[in-house]
Amino acid sequence: MSEDRIPMPEQPEPKKFNAPLWAGAVVVVGLIIVLLVNVFGDKDTLNVDDLNPPAVAALDGGSEVYPPNSELAFTENVKFGYLPAPTLTTLDDGTVVAADPETAAETLGLPDGLGGLTVDEFEDRTIKPPREGTEPGTPMTWQQVLDAVAGSTVVVPLIPDTATAEPALAAIAKADMAASTIVRTADAEVARAAADAGIAAMFVGDPTATAEKELADQGYTMVAVDAADAGDWTDSGLGVWATGVADKKQLDDLASQGVIGALATNPYAVLPSTVKTN
């Protein structure tokens, strides 16, 4: 075997690289990015303060259209520009889930309701759709809801009691969604806990039974009022959301009076989506 070396090809003369200039350019670009973020914020995150009236929160994900409190409902809410508004409750094992205890027997096929159900048993159920010929839904825990929508929308959960509030609010804080959440509740203790955590609270009890100042003192910054009376509340100092809105015309009229938006079981009937579908 020959021991002659194979001649190596000539190496091109290396190009000069001015490291100080490149480093300086990188620093300048980095500073510009930091300034833009500080001025305009993270545009991938939608906060309560970013909402443009009229907004529409889909109660239980739009329970007239989709399986209530289902993965499909909340996914479609985000896709079409509506705010997911689940009902939250706590299972016996301490897990917070998106489910209405009053309708769970029917929608989840549970004769005894949610009592005694573990989270594994809950996740094994399917949710009955409201319309014939449509697919059943997949139930979700509150943590799964937050994981699915974090940063892309504002969530408007109904938290009925302090037992549910503690773990539910902790999950919101962990997901860094305090500024992207509106807690609906008629419980003053829940409202105060939400306010203390930097989360907006909406009163969903009887507005005629409580003075406006009392609601504000309890930590509420918003109130849900029947559409017929919503205009009377726009000077209350509380953000007003309307219930029972009939259609877009009525919603637009309410928005012109200062109402933030509507709570609806069929969001499409109240504010048809501008998102195009195939």
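Me: Which classes of residue line the largest cavity, and how many of each?
Reply: The lining of the largest cavity has seven nonpolar, three polar and one charged residues. Keep in mind that this is a predicted model.

Me: OK, how much space lies in there?
Reply: About 70 Å³ lies in the largest cavity. The structure holds one cavity of 30 Å³ or more.

Me: Which residues line it?
Reply: Among them are Pro68, Asn69, Ala98, Asp100, Thr103, Leu108, Phe122 and Ile127.

Me: Asn69 caught my eye. What's its phi?
Reply: Asparagine 69 has a positive phi of about 55 degrees, and it isn't a glycine. Here's the background: most residues other than glycine have a negative phi.

Me: Where does asparagine 69 sit, and is it buried or exposed?
Reply: Asparagine 69 is in the loop between strand 1 and helix 2. Its relative accessible area is 3%, so asparagine 69 is buried, the cut-off being under 20%.

Me: Which other residue has a phi near 55 degrees?
Reply: Aspartate 176 has a phi near 55 degrees, again positive in a residue other than glycine. You'll find aspartate 176 in the loop between helix 6 (162-174) and strand 5.

Me: And is aspartate 176 buried or exposed?
Reply: Aspartate 176 counts as exposed, because its relative accessibility is 69% and exposed means over 50%.

Me: While we're on the backbone, where's the cis peptide bond?
Reply: It joins proline 53 and proline 54, with omega at about -5 degrees. Most peptide bonds are trans. Proline 54 lies in the loop between helix 1 (19-40) and strand 1.

Me: Switching to pockets. What lies nearest the centre of the largest one?
Reply: Pro54 is one of the residues there, along with Ala55, Phe80, Gly81 and Leu271. So proline 54 turns up both at the cis bond and in the lining of this pocket, which has 16 residues.

Me: What's the volume of the largest pocket, and how does its lining divide up?
Reply: The volume is about 240 Å³. The lining residues are ten nonpolar, four polar and two charged.

Me: Now the sheet. How many strands, and in what order?
Reply: It's an open sheet of seven strands in the order 2-1-9-8-7-6-5, with parallel pairing. The edge strands are strand 2 (83-85) and strand 5 (182-185), and each pairs on one side only. On average, neighbouring strands are turned by 30 degrees against each other, ignoring direction.

Me: What holds paired strands together anyway?
Reply: Strands of a sheet pair through backbone hydrogen bonds, either parallel or antiparallel.

Me: Which strands does strand 1 pair with, and over how many bridges?
Reply: Strand 1 pairs with strand 2 in the parallel sense over three bridges. Four bridges join strand 1 to strand 9 (residues 261-264), also running parallel.

Me: Which residues face each other there?
Reply: Alanine 57 stands opposite leucine 83 in strand 2. On the strand 9 side, valine 56 has alanine 262 as its bridge partner.

Me: And what about strand 8?
Reply: Strand 8 (residues 239-243) pairs with strand 9 in the parallel sense over three bridges. Threonine 243 in that pairing stands opposite leucine 263 in strand 9.

Me: Last topic, aromatics. How many pairs are there?
Reply: The structure holds four aromatic pairs. In one of them, the ring centres of tyrosine 66 and tyrosine 268 are 6.3 Å apart with planes at 65 degrees, so the pair is edge-to-face, which takes an angle over 60.

Me: Where in the chain are those two?
Reply: Tyrosine 66 is in the loop between strand 1 (55-59) and helix 2 (71-80), and tyrosine 268 is in helix 11 (residues 267-270). They're 202 residues apart, so the pair links distant parts of the chain.

Me: How accessible are they?
Reply: Tyrosine 66 counts as buried, at 8% relative accessibility, whereas tyrosine 268 is partly exposed at 24%.

Me: Which aromatic cluster do they belong to?
Reply: Tyr66 and Tyr268 form one aromatic cluster with Phe80 and Tyr82. Phe80 also came up earlier, as one of the residues nearest the centre of the largest pocket.

Methods: Residues numbered from 1 in each chain as written. Predicted model: local features only at pLDDT ≥ 70, side-chain atom pairs only at ≥ 80, totals over all residues. Heavy atoms only, no water. 1 Å grid on protein atoms, 1.4 Å probe; cavity = no way out; pocket = protein on both sides within 12 Å on 5 of 7 lines; lining within 4 Å. Points joined across faces, edges and corners; volume = space filled by probe spheres on them. Nonpolar A, V, L, I, M, F, W, Y, C, P; charged D, E, K, R; others polar. Phe/Tyr/Trp six-rings, centres within 6.5 Å; stacked < 30°, edge-to-face > 60°. Buried < 20%, exposed > 50% of the residue type's maximum accessible area, 1.4 Å probe, protein only. Pairing = 2+ DSSP bridges. Axes fitted to C-alpha atoms, helices over the stretch in contact; angles between N-to-C directions.
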